[in-house]
Amino acid sequence: MAERDHLQEPAWVRWLLIGLAAAVMLLVVVLPLFALLGAAFGSGLKVWWDAVSEEHTVDALKLTLLTAAIVVPVNAICGVFAAWALTRFEFRGKRALLSLIDLPFAVSPVVAGLCLVLLFSPTHGFLRDVLNAYDLKILFATPGIVLATLFVTFPFVVRELIPLMEQQGSDEELAARSLGANAWTMFFKVTLPNIKWGLLYGVLLCSARAMGEFGAVTVVSGNVMGKTNTLSLHVEVLYKQLGGEAAAAFAAASLLAGLALVTLVVKLWLETRHGDALAQSHRRH
């Protein structure tokens with residue numbers, strides 16, 4: 001205990017760092033959030049409700065939730081199996097695959113959207129012949145929005161799982177296989193319980209990003225009110241419109257902020273309710 005106290009920084013250093021961190025968070029996160037909520041509700045609850053219950057806003061919210069409902073399960077499933085393959089097997093091209101997984105972090109979302117345009121444009125895309133032959137519409141429709149969101153959110157689950165699975169190792173899985181368990185039984189009885197907290201964290205991060213994605217989606221959506229506008233795009237449209245639509249934009253933005261706060265509350269609840277199990281999963285092996 002004495003050695004631990006000896007290694008600690010002086011009290012004034014700790015409090016100075018804590019104060020600086022708190023000041024930065026207050027300035028960068030808390031004050032803008034309260035300013036947004038103040039602008040959203042400043043004209044009264046009725047004005048806010050009229051704005052968020054307007055038809056185009058409801059359509060944008062539905063499209064946002066639909067996109068997240070498709071993207072998050074796909075990323076969760078692909079992320080689990082990608083992390084399993086990368087941590088349990090050695091194969092040629094493994095480092096290249098890891099780099100490709102990180103590509104959405106490095107590439108601008110706008111560039112990702114333009115890549116999809118080059119692929120799926122019905123007039124000059126690489127796949128235009130196939131799309132026109134089967135009358136498939138990807139761009140300026142829900143499939144394009146889903147694909148763009150999938151691209152930018154793919155790394156969140158797999159990057160949360162890879163360090164955890166590398167730390168845990170494969171001893172328990174090998175023991176299960178030696179006892180006669182097949183691959184699926186081993187996965188559902190051993191692997192999945194060991195990674196469930198990391199998986200849940202990755203899903204929460206993926207959900208938050210999917211609902212708030214703007215750059216890639218704005219390129220492939222076409223910004224058609226009531227059809228291809230997600231909530232983030234709808235906020236931009238309302239804010240740029242003339243005729244006093246700023247209050248409606250702030251009201252719609254408060255919905256996005258509310259979705260983010262719900263994600264944060266779920267995260268805090270998990271840490272409070274299951275913090276010991278989560279910490280144990282990170283300490284194992």
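A pocket is an open set of grid points with protein on both sides within 12 Å along at least five of seven lines, and its lining residues have an atom within 4 Å of a point. The exercises below apply this and related terms to a predicted model.

**Exercise 1. The largest pocket**

Determine which element gives the most to the lining of the largest pocket, and describe the character of that lining.

Solution.
Step 1. Begin with the volume: the largest pocket holds about 460 Å³ of space.
Step 2. Locate the centre. The lining comprises 17 residues, and those closest to the centre of the pocket are Ala208, Ala260, Leu261, Thr263 and Leu264.
Step 3. Assign the lining to elements. Two or more residues come from each of H11 and helix H14 (246–283). Helix H14 gives the most, with nine residues.
Step 4. Classify the residues. The lining of the largest pocket has 13 nonpolar, two polar and two charged residues.

**Exercise 2. The chain as a whole**

State how many helices and strands the chain has, and what share of its residues is buried.

Solution.
Step 1. Count the elements: the chain has 14 helices and zero strands.
Step 2. Consider the extent. Along the principal axes, the C-alpha atoms fill a box of roughly 65 × 60 × 30 Å.
Step 3. Consider burial. Of the 285 residues in the chain, 36% are buried.
Step 4. Examine the contacts. Among those with a separation of 6 or more, 73% join residues 24 or more positions apart.
Step 5. Take one pair of residues as an illustration. Val47 belongs to helix H3 (residues 45–52). Its C-alpha atom is 8.1 Å from that of Ala248, although the two residues are 201 residues apart along the chain.
Step 6. Assign an exposure class to Val47. Its relative accessibility is 39%, and because this value falls between the limits of 20% and 50%, Val47 counts as partly exposed.

**Exercise 3. The nonpolar cores**

Identify the residues with the most contacts inside the largest nonpolar core, and the elements that give two or more residues to this core.

Solution.
Step 1. Recall the general tendency: in soluble globular proteins, nonpolar side chains tend to be buried together.
Step 2. Find the residues in question. The largest nonpolar core has 30 residues, and Leu161 and Leu199 have the most contacts inside it.
Step 3. Name the elements. Helix H4 (55–88), helix H8 (142–153), helix H9 (155–168) and helix H11 (183–212) each give two or more residues to this core.
Step 4. List the partners of Leu161. Neighbours within four places in sequence being left aside, Leu161 contacts Gly79, Val80, Ala83, Ile195, Gly198 and Leu199.
Step 5. Look beyond this core. Another core, of 15 residues, lies apart from it and includes Ala60, Leu231, Val235 and Ala251.

**Exercise 4. The two cavities**

Describe the linings of the largest cavity and of the second largest cavity by residue class.

Solution.
Step 1. Establish the count: there are two cavities of 30 Å³ or more.
Step 2. Treat the largest cavity, which contains about 70 Å³ of space. Twelve residues line it, and Arg88, Gln168, Gly169, Glu173 and Asn194 lie nearest its centre. Helix H10 (171–178) and H11 each give two or more residues to this lining, and H11 gives the most, with four residues.
Step 3. Classify the lining of the largest cavity: two residues are nonpolar, six polar and four charged.
Step 4. Treat the second largest cavity, with a volume of about 40 Å³. Its lining includes Thr64, Thr149, Ala210 and Glu213. At least two residues of this lining come from each of H4, H8 and H11.
Step 5. Classify the lining of the second largest cavity: four residues are nonpolar, four polar and one charged.

**Exercise 5. Two threonines**

Decide whether Thr149 and Thr228 are buried or exposed, and list their contacts.

Solution.
Step 1. Place Thr149 in helix H8. Because its relative accessible area is 1%, under the limit of 20%, Thr149 is buried.
Step 2. List its contacts. Residues up to four places away in sequence not being counted, Thr149 touches Thr67, Val71, Ala210 and Val217.
Step 3. Place Thr228 in the loop between helix H12 (215–221) and helix H13 (231–240). With 5% relative accessibility, Thr228 also counts as buried.
Step 4. List its contacts. With residues up to four places away in sequence left out, the residues touched by Thr228 include Leu63, Phe140, Ile145, Ser221 and Leu233.
Step 5. Add the polar contact: the side chain of Thr228 reaches the backbone oxygen of Ser221 at 2.7 Å.

Key
Residues are numbered from 1 along each chain as its sequence is written. This is a predicted model: local features need pLDDT of at least 70, side-chain atom pairs count only at pLDDT 80 or more; totals for chains, interfaces and linings use all residues. Side-chain values use heavy atoms; hydrogens and water are left out. A nonpolar core is a set of buried Ala, Val, Leu, Ile, Met, Phe, Trp, Tyr and Cys residues joined through side-chain atoms within 4.5 Å. Buried means under 20% relative accessible area, exposed over 50%, partly exposed in between (1.4 Å probe, protein chains only). Contact means heavy atoms within 4.5 Å. On a 1 Å grid over the protein atoms alone, a cavity is a set of points where a 1.4 Å probe fits but cannot get out, and a pocket is an open set with protein on both sides within 12 Å along at least five of seven lines; lining residues have an atom within 4 Å of a point. Grid points are joined across faces, edges and corners, and a volume is the space filled by probe spheres set on the points. Ala, Val, Leu, Ile, Met, Phe, Trp, Tyr, Cys and Pro count as nonpolar, Asp, Glu, Lys and Arg as charged, and the others, Gly among them, as polar. A polar contact is a pair of N or O atoms within 3.5 Å; within protein, one must be able to donate a hydrogen and the other to accept it, and residues adjacent in sequence count only if both atoms are side-chain atoms.
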